[in-house]
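Okay, thanks for coming, everyone. I'd like to walk you through a structure that's new to most of us, so let me put it on the screen.

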Amino acid sequence: MADIVEFAFMAGLTNWVSQAYETARSVMQFGEFEHDADKRHLIRAADVSDLRRMAKRRMPAGCFDYIDGAAEDEVSAERSVSAYHRWQFRPRVLRDVSEVDISGRVLGKTAPIPLVIAPTGFDRIAHSQGELAVARAAERAGIPYSLSTMGTRSVEEVADVCGGRKFFQVYVWRDRELMADLLKRSAAAGYEAIMITVDTAVLGRRERDVRRGFSLPPKLGPDTIIDGLLHPRWLLDFLSNEPIKFSNCEGATGGDGGDAVALADYINSQFDPSLSWDDIEWFRERWDGPVMLKGVLSPDDAKIAADMELDAVIVSNHGGRQLDGAPAPVECVPAIREAVGDRCEVICDGGIRRGSDIVKALALGADSAMIGRAYLYALGAAGETGVDWVLNYFVEGMTRTMRLNGVRSTADLNPELLARV
């Protein structure tokens with residue numbers, strides 16, 4: 001009798017376990033283990049703010065704050081992001097959005113998405129591959145890549161790994177011999193256009209860096225060493241690769257460019273408060289390709305640029321890193337578009353965190369948008385894999401936003417799509 005009871009109990013238990021398994025399987029699925037550490041790191045990333053948090057955990061505080069921080073109270077940096085929230089969509093329905101074309105034009109050429117990689121300095125502070133990782137990801141996505149004069153990889157190194165569209169960003173520095181040499185090197189390496197940054201008559205005061213005693217390159221002290229040890233993954237990546245150089249400025253101090261401390265002091269002395277529109281002509285005389293002006297916020301300045309027949313104005317407040325209290329770029333786009341008409345392209349640079357932000361910028365009159373911090377967070381969070389992730393995130397976000405608004409093509413984007421909140 002006991003055996004019968006035990007058998008019945010075990011049979012009932014087996015049936016219950018089987019039913020429980022089938023019930024669980026009907027609402028759950030078990031994913032395969034991801035062996036790639038960077039891809040595994042990104043599984044729970046939903047947006048750019050998640051990438052920012054990941055980068056903050058991975059990087060030493062001083063390095064992260066250099067990327068994340070801005071000038072003074074950082075009001076302009078915050079407003080550059082929040083300004084997009086001041087516009088709401090006015091979606092249309094029943095428009096057949098089975099096919100959506102998110103392509104656009106950048107400097108007169110078709111791009112799969114109207115997006116440009118902004119020039120940022122010292123990328124290798126986020127990841128050892130730095131500019132090379134970003135340039136490779138940009139080529140895969142068909143997005144133009146912009147290399148900074150302050151890059152830690154040279155124009156030649158980037159050209160060796162990136163066969164896609166490339167722009168070179170230059171400053172109006174006192175050392176014109178160095179500038180002329182950089183223009184020649186960029187042309188020889190196949191760069192399509194130059195991007196002249198004009199909002200750096202003097203450097204902005206970045207108070208996060210002041211508080212941390214942070215400099216480029218980092219000065220070694222007890223705090224720096226402890227901070228590095230607390231972030232072993234970053235430290236191993238940093239120490240197991242070649243020394244960081246301001247590669248585009250090699251030879252500027254008479255050496256091989258390896259003395260980054262001396263070179264940083266030299267570069268800081270090069271920003272010239274006397275820069276004027278005459279300086280732009282100096283560049284035009286030495287560059288045969290398209291010329292863009294980065295750092296324009298005034299319609300009057302945009303009109304002068306268009307009158308000079310420059311190819312594009314980049315509406316930018318330098319990520320809020322120069323003048324705190326400068327307006328959000330997206331807020332300036334409509335007036336600048338009206339000022340220049342169709343005489344030059346308008347690129348909106350600043351605060352882009354979602355594909356919907358790109359859609360808003362284009363609807364307000366921009367021809368394309370530009371991202372900086374978004375890809376730096378991605379690079380810091382998961383290296384080149386992170387940059388691939390964030391570029392695809394913008395593609396998917398822009399496609400989804402246009403479908404939900406009943407818009408089939410970027411050519412159909414206009415101010416009627418938006419309402420001011």
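I'll start with the overall picture, then go through some charged pairs, and finish with a lysine.

First off, please keep in mind that this is a predicted model. The average pLDDT along the chain is 90, and 89% of the residues score at least 70. There is one stretch to flag, though: residues 254-258 have a pLDDT below 50, and in the model that stretch makes nine contacts beyond its near neighbours in sequence. Where pLDDT is low, the predicted coordinates should not be read in detail. I'll leave those contacts alone today.

So what are we looking at overall? The chain is built from 17 helices and 12 strands. It has 421 residues, and 53% of them count as buried. If you take contacts between residues at least 6 apart in sequence, 74% of those join residues at least 24 apart. As for the surface, about 19,900 Å² is exposed, with carbon and sulfur atoms supplying 53% of that.

Now, the charges. Side chains of opposite charge can pair when their charged atoms come close. How many salt bridges are there here? The count comes to 28. Let me pick a few of them.

Let's begin with E157 and R153, a salt bridge where the closest N and O atoms are 3.8 Å apart. E157 is partly exposed, because its relative accessibility is 30%. R153, on the other hand, is at 4%, so it counts as buried.

Move one residue along from there and you have E156, which bridges to R185 with the closest N and O atoms 2.9 Å apart. E156 sits in helix 7, residues 155-161, and R185 sits in helix 8, residues 176-188, so this pair ties together parts that are 29 residues apart in sequence. E156 has a relative accessible area of 30%, so it is partly exposed. R185 counts as buried, at 18%.

The next one is R337 with D367, a salt bridge at 2.8 Å, N to O. This pair also links distant parts of the chain: R337 is in helix 15, residues 329-340, and D367 is in the loop between helix 16 and strand 11, 30 residues apart. Is R337 buried or exposed? It's buried, with a relative accessible area of 16%. D367 is at 28%, which means partly exposed.

Some of these bridges join up into a network, too. R52, D65, D68, E74 and R208 are linked that way. Two residues of that network, D65 and D68, are among the buried residues of helix 4, along with G62, C63, F64, Y66 and I67. Helix 4 covers residues 61-68, and seven of its eight residues are buried, so the rest of the structure largely encloses it.

Last one, and it's the lysine I promised. K360 is in helix 16, which runs over residues 355-363. Which side chain of opposite charge is nearest to K360? That would be D357, 5.1 Å away. The cut-off for a salt bridge is 4 Å. K360 is buried, yet it has no salt bridge. And what does K360 touch, leaving out residues up to four places away in sequence? The answer is Y84, W87, F89 and L418.

That's my tour, so over to you for questions.

Technical notes: Residues numbered from 1 in each chain as written. Predicted model: local features only at pLDDT ≥ 70, side-chain atom pairs only at ≥ 80, totals over all residues. Heavy atoms only, no water. Helix = DSSP H or I, 4+ residues; strand = E, 2+ residues; numbered from the N terminus. Buried < 20%, exposed > 50% of the residue type's maximum accessible area, 1.4 Å probe, protein only. Lys, Arg positive; Asp, Glu negative; His and termini not counted. Contact = heavy atoms within 4.5 Å. pLDDT = per-residue confidence, 0-100. Areas by Shrake-Rupley, 256 points an atom, 1.4 Å probe, with all protein chains shown as cover.
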